[in-house]
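Thanks for making the time. I have one chain to go through today, and it is on the screen now.

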Amino acid sequence: MNPDKLLSRYAAGERDFCLIDINGATLTGATLRAVDLTHANLSQTKLVQANLSHATLHNTNLQEADLQGANLRGADLSGADLMGANL
């Protein structure tokens, strides 16, 4: 799935994006509050200044993701792989 489709579906009210693979995508400044990205592949994704508050990122691959300035308040990062991520 490409980032534009993800954002469009999110804007339409969808929140379940488990197992999605959008590695290397650019989602800078995106609002993804309360999104479920369980087991998703977000490696090398640019999430600078993204709002991921209350997101479920359980077992999500965030290797080398750029999360600089991202809002992770209340997010579930249990089991997430943050190796090399920029926090």
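One term before anything else: a helix here is a DSSP run of H or I with at least four residues, and helices are numbered from the N terminus. With that in place, Ala85 can be located: Ala85 lies in the segment after helix 1. Please keep in mind that what you see is a predicted model.

Overall picture first. The chain has one helix and zero strands. Is the radius of gyration in line with a compact globule or at odds with it? For 87 residues, a compact globule would come out near 12 Å, and the chain has 11 Å, so the two agree. Along the principal axes, the C-alpha atoms fill a box of roughly 30 × 20 × 20 Å.

Burial and surface next. Of the 87 residues, 37% count as buried. The accessible surface of the chain is about 4500 Å², and carbon and sulfur atoms hold 46% of that. As for charge, there are 6 positive and 9 negative charges, with mean positions 9 Å apart.

Then contact order. Taking the contacts in the chain with a separation of 6 or more, residues 24 or more positions apart account for 2%.

Now the helix. Helix 1 covers residues 3-11. What caps its N-terminal end? Asn2 does, through a side-chain oxygen that sits 3.0 Å from the backbone nitrogen of Asp4. Just after the helix, Gly13 has a positive phi of about 110°.

Moving on to Ile22. This residue is in the segment after helix 1. Its relative accessibility is 3%, so Ile22 counts as buried. Beyond its neighbours within four places in sequence, Ile22 is in contact with Met1, Leu6, Leu27, Asn41, Leu42 and Thr45. There is also a distance to note at Pro3: Ile22 and Pro3 are 19 residues apart in sequence, while their C-alpha atoms are 7.1 Å apart in space.

The next group is Asn51, Ser53 and Arg33. Asn51 belongs to the segment after helix 1, and so does Ser53. Why does Asn51 count as buried? Buried means under 20% relative accessible area, and Asn51 has 19%. Ser53 is buried as well, with a value of 5%.

The side chains of Asn51 and Ser53 are joined by a polar contact of 2.8 Å. The side chain of Ser53 also makes a polar contact with the side chain of Arg33, this one at 3.2 Å. So Ser53 has a side-chain partner in Asn51 and another in Arg33.

The contact lists for these residues, leaving aside neighbours within four places, are as follows. Asn51 is in contact with Ala30, Thr31, Leu32, Arg33 and Asn71. Ser53 is in contact with Arg33, Ala34, Asn71 and Arg73. Arg33 and Asn71 appear in the list for Asn51 and again in the list for Ser53.

Staying in that part of the sequence, we come to His54 and Ala55. His54 is in the segment after helix 1. Is His54 buried or partly exposed? Its relative accessibility is 48%, so it counts as partly exposed. His54 also has a positive phi of about 60°, although it is not a glycine.

Ala55 is in the segment after helix 1 too. Its relative accessible area is 1%, and Ala55 is therefore buried. Leaving out neighbours within four places, Ala55 is in contact with Leu32, Ala34, Val35, Gly74, Ala75 and Asp76. Its C-alpha atom is 7.4 Å from that of Leu37, and those two residues are 18 apart along the chain.

There is another positive phi outside glycine, at Glu64, where the value is near 60°. Glu64 is again in the segment after helix 1.

That leads back to Ala85. What does Ala85 touch, not counting residues up to four places away in sequence? The answer is Leu62, Glu64, Ala65 and Leu67. Ala85 and Thr45 are 40 residues apart along the chain, with their C-alpha atoms separated by 9.5 Å. Thr45, in turn, is one of the residues in contact with Ile22.

To recap: this is a predicted model, with one helix and zero strands, and a radius of gyration that agrees with a compact globule. I'll take questions.

Conventions: Residues are numbered from 1 along each chain as its sequence is written. This is a predicted model: local features need pLDDT of at least 70, side-chain atom pairs count only at pLDDT 80 or more; totals for chains, interfaces and linings use all residues. Side-chain values use heavy atoms; hydrogens and water are left out. Helices (H or I, at least four residues) and strands (E, at least two) are DSSP runs, numbered from the N terminus. The radius of gyration is taken over C-alpha atoms; the globule rule is 2.2 Å times the number of residues to the power 0.38. Buried means under 20% relative accessible area, exposed over 50%, partly exposed in between (1.4 Å probe, protein chains only). Contact means heavy atoms within 4.5 Å. Accessible areas come from the Shrake-Rupley method with a 1.4 Å probe; for residues, only the protein chains shown count as cover. Lys and Arg count as positive and Asp and Glu as negative; His and the chain ends are not counted. The place of a charge is taken as NZ of Lys, CZ of Arg, CG of Asp or CD of Glu. A polar contact is a pair of N or O atoms within 3.5 Å; within protein, one must be able to donate a hydrogen and the other to accept it, and residues adjacent in sequence count only if both atoms are side-chain atoms.
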